[in-house]
Amino acid sequence: MADLIFGCTGASAERYSATPTLNFQLTITERSGIRVHAIALRCQIRIEPHRRRYSAAEAQRLHDLFGDPSRWAETVKPIQLATVTAMVPSFTAVTEIEVPVPVTYDLEVASARYLHGLDNGTLPLIMLFSGTVFLATETGYSVELVPWSSEATYRMPVTVWQDLVDYHFPGSAWLAFSRERLDELAEFKAKHALPTWDATLAALLAGQRENDPADAAQQAPEQEAPAQAGSPGIVPEARQP
């Protein structure tokens, strides 16, 4: 029976893929000495947000995902990043493979919203493995299952995700709208002769700020008495549940 140990040693952003793709470097060690003919590997990758701390700016951006930081011990749960498959070729003792993982930058998806909210540091990941192991024996081949307990953890630098976004969507982001809302935006864009969708949203936001009493009240004290600024806020941090 094969004795497999999985580990992740690195990750990088694929620059030339058709869709955003992260490349993970996996190490697989077989400790019993038997030769592995192949592995049909399945890998589920999850983000573990509770395993890192957050700045005040990050906490504010993640508010719509996790709620108020005072409740994060209850609301912060693992987030599914991707599920991928890979074929591991024949090896004895140890092998290294690269697993491409397609990801999304659709901000309607929880993983993309979470990653978009991070400034720096690392991204805590857990990889859960399953699949089929084909072993070479003296009399032929045998088949085993990868144990459900097989897993690996990895802290991916946030800069890897930021590089990936910059390669595929330089200086831009993506949002999904209903067709009805898109028609309304298109009508507003044409009516005001706005050149881009970005300019359309900027005009709408500018009009909203002018008509928002809260924004007006917030700006008024700064114009009348700028020396009486409020004290700095406390930096919220996520706590281990």
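Which side chains meet in a salt bridge at 2.6 Å, N to O? The answer is Arg51 and Glu48, and we will come back to this pair after a walk through the rest of the fold. Please keep in mind along the way that this is a predicted model.

Let us begin with confidence. The protein averages a pLDDT of 86, and 88% of the residues score at least 70. Strand E8, residues 151–157, has the highest confidence in the protein with a mean of 97, while helix H8, residues 213–224, has the lowest with a mean of 51. Over residues 222–241 the pLDDT stays under 50, and for that stretch the model has 19 contacts beyond four places in sequence. Where pLDDT is low, the predicted coordinates should not be read in detail.

Now to the strands. A good place to start is E3, which covers residues 35–47 and pairs with E6, residues 122–137, in the antiparallel sense over 12 bridges. To find your place in this pairing, look for Arg42, which stands opposite Ser130 in E6. E3 also runs antiparallel to strand E4, residues 79–88, and nine bridges join the two. Here a handy landmark is Ile39, opposite Val88 in E4.

Another pairing brings together E2, residues 21–30, and E5, again antiparallel and over nine bridges. Phe24 has Val99 as its bridge partner in E5. Strand E5 itself, residues 94–102, is worth turning around on your screen. Its covered face carries Thr95, Ile97, Val99 and Val101, whereas Val94, Glu96, Glu98, Pro100 and Pro102 make up the uncovered face. Val99, the partner of Phe24, thus belongs to the covered face.

Next, strand E1, residues 4–13, where Gly7 has its place. Gly7 and Glu151 are 144 residues apart along the chain, but their C-alpha atoms are separated by 7.7 Å. Leaving out residues up to four places away in sequence, Gly7 touches Gln25, Leu26, Thr27 and Ala152.

The aromatic rings come next, and the count comes to seven aromatic pairs. One of them is formed by Phe6 and Phe129, with 4.4 Å centre to centre and 15° between the planes. This pair counts as stacked because its planes are under 30 degrees apart. With Phe6 in strand E1 and Phe129 in strand E6, the pair links distant parts of the chain, 123 residues apart. Are these two rings buried or exposed? Phe6 is buried, with a relative accessible area of 8%, and Phe129 counts as buried too, at 1%. Elsewhere, ring pairs link Tyr54, Phe66, Trp72 and Tyr114 into a cluster.

Two helices deserve a visit. Ser111 lies in helix H4, residues 110–116. At 4% relative accessibility, Ser111 counts as buried. Its contacts, not counting residues up to four places away in sequence, are Ile47, Ile79, Gln80, Leu81 and Thr104. Helix H6, residues 179–191, offers a small geometry check. At 1.5 Å a residue, its 13 residues should span 18 Å, and its end C-alpha atoms are indeed 18 Å apart, so expectation and model agree. Just after H6, Ala193 takes a positive phi of about 50°.

Finally, back to the charged side chains, where the count comes to seven salt bridges. In the pair from the opening question, Arg51 and Glu48 meet at 2.6 Å, N to O. Glu48 counts as buried at 14% relative accessibility, because the cut-off for buried is under 20%. Arg51, with a relative accessible area of 22%, is partly exposed.

A second salt bridge joins the side chains of Glu58 and Arg52 at 3.2 Å, N to O. Here Glu58 is buried at 2% relative accessibility, and Arg52 is buried as well, with a relative accessible area of 8%. A third has Glu74 meeting Arg71 at 3.9 Å, N to O. In this pair Glu74 counts as exposed at 55% relative accessibility, whereas Arg71 counts as partly exposed at 44%.

Methods: Residues numbered from 1 in each chain as written. Predicted model: local features only at pLDDT ≥ 70, side-chain atom pairs only at ≥ 80, totals over all residues. Heavy atoms only, no water. Pairing = 2+ DSSP bridges. Helix = DSSP H or I, 4+ residues; strand = E, 2+ residues; numbered from the N terminus. pLDDT = per-residue confidence, 0-100. Contact = heavy atoms within 4.5 Å. Phe/Tyr/Trp six-rings, centres within 6.5 Å; stacked < 30°, edge-to-face > 60°. Buried < 20%, exposed > 50% of the residue type's maximum accessible area, 1.4 Å probe, protein only. Expected span 1.5 Å × (residues − 1). Salt bridge = Lys/Arg side-chain N within 4 Å of Asp/Glu carboxyl O.
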